[in-house]
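Visitor: I'd like a close look at a single part of this one. Take your time and connect it to the rest of the model as you go.

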Amino acid sequence: MSSVSPASVSDESGASPSRKDHILAAARICFSRSGFHRASMSEICAEAKMSPGALYRYYPSKDAIIEAIAEEERVAAGACLARLEGPGSIADRITDAAIAYLASACDPATGNLIVEICSESLRNTAVGERFRLVEDEAHGRIRRAVEDAQARGELAGDLDLDLALTLLLGIGDGLVMRLRLEPARPVETLRPYLHRMIASLLGAQPA
């Protein structure tokens, strides 16, 4: 997902949030372009137009930068998934969350980072583990929303939750890739068809 909005106050380390956000934005471009493992600190410094000494004041290593981006992804995912707690049917709410997520993944400069994160999550690496934790948190929140709808009778009691979640998340993952291949397509045009697919998949009762 795209980076969250910059904070307006300094963090506990005294570092300027706007300066740190600038570094993370540059790092996202580098990681999107070169991947987590190939991108170097010197490349990030060049993209940020900062000397190594200045950059290291804020982030002592590439690992620290990746950790900060993983936290941004967690917060951004949470902001999208907050729509699951809004008004409307479960299909409405999942569609809203999905559109918000897809819109954030379409940044021209850093959109490839989402694909890189998905790929890295499949690898048994420290980077992969960080992003798997973000995925696990998102999976849990969607599952709880669907379970709640099922408990209220909005969805059939015999719905296979595990299979439904696999398919729902698979649709989202596939659309991330498809929108990178079709960058001119406005995300919002997907809404009515995506809603129809989600409602049909869940067997949602008409409102």
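At 1.5 Å a residue, what should the 20 residues of helix 4 span, and how far apart are its end C-alpha atoms?

Guide: Helix 4 should span 28 Å, and its end C-alpha atoms are 28 Å apart, so the two agree. The expected span is 1.5 Å times one less than the number of residues. Before going on, keep in mind that this is a predicted model: local features need pLDDT of at least 70, side-chain atom pairs count only at pLDDT 80 or more, and totals for chains, interfaces and linings use all residues. Residues are numbered from 1 along each chain as its sequence is written, and side-chain values use heavy atoms, with hydrogens and water left out.

For context, the protein chain has nine helices and zero strands. Those elements are DSSP runs numbered from the N terminus, with helices being H or I of at least four residues and strands E of at least two. Of the 207 residues in the chain, 43% are buried; here buried means under 20% relative accessible area, exposed over 50% and partly exposed in between, using a 1.4 Å probe and protein chains only. On the outside, the chain exposes about 10,800 Å², and carbon and sulfur atoms supply 56% of that, by the Shrake-Rupley method with a 1.4 Å probe, where only the protein chains shown count as cover for residues.

Back to helix 4. Its buried residues include Ile-65, Ala-68, Ile-69, Ala-76 and Leu-81, and also the acidic Glu-72 and Glu-73. Now, where do the nonpolar ones go? A nonpolar core is a set of buried Ala, Val, Leu, Ile, Met, Phe, Trp, Tyr and Cys residues joined through side-chain atoms within 4.5 Å. The largest has 34 residues, and Ile-94, Leu-102, Val-146 and Leu-202 have the most contacts inside it. Helix 4 (62-81) is one of the elements that each supply at least two residues of this core, along with helices 5 to 9. The largest share, eight residues, comes from helix 5. Apart from that core lies another, of 25 residues, and Ile-65, Ala-68 and Ile-69 are among them, as is Leu-24.

Helix 5 is the next stop, since helix 4 is among the elements that cover its buried residues, together with helix 6, helix 7, helix 8 and helix 9. Of the 15 residues in helix 5, 11 are buried, so the rest of the structure largely encloses the helix. Its span also checks out: 21 Å is expected, and the end C-alpha atoms are 21 Å apart. Inside helix 5, Leu-102 touches Gly-172, Leu-175, Val-176, Leu-179, Val-187 and Leu-190, not counting residues up to four places away in sequence; contact means heavy atoms within 4.5 Å. That fits the wider tally, where residues 24 or more positions apart account for 65% of the chain's contacts with a separation of 6 or more.

Helix 4 also has Arg-74, whose C-alpha atom is 8.5 Å from that of Glu-135, 61 residues away along the chain. Glu-135 sits in helix 7 and is partly exposed, at 38% relative accessible area.

Two loose ends. First, the aromatics: there are two aromatic pairs, counting rings of Phe, Tyr and Trp (its six-membered ring) with centres within 6.5 Å, where planes under 30 degrees apart are stacked, over 60 edge-to-face and the rest tilted. Phe-31 and Phe-36 have ring centres 4.9 Å apart and planes at 45°, so that pair is tilted. Phe-31 is buried at 0%, and Phe-36 at 1%. With Phe-131 they form one aromatic cluster.

Second, the cysteines: a whole-structure search finds zero disulfides, meaning no pair of cysteine sulfur atoms within 2.5 Å. The sulfur of Cys-30 is 9.2 Å from its closest cysteine sulfur, in Cys-45, too far for a bond. Cys-30 is buried at 0%, and Cys-45 at 4%. Cys-30 also contacts Glu-43, a residue of helix 2 (41-48) that counts as buried at 19%.
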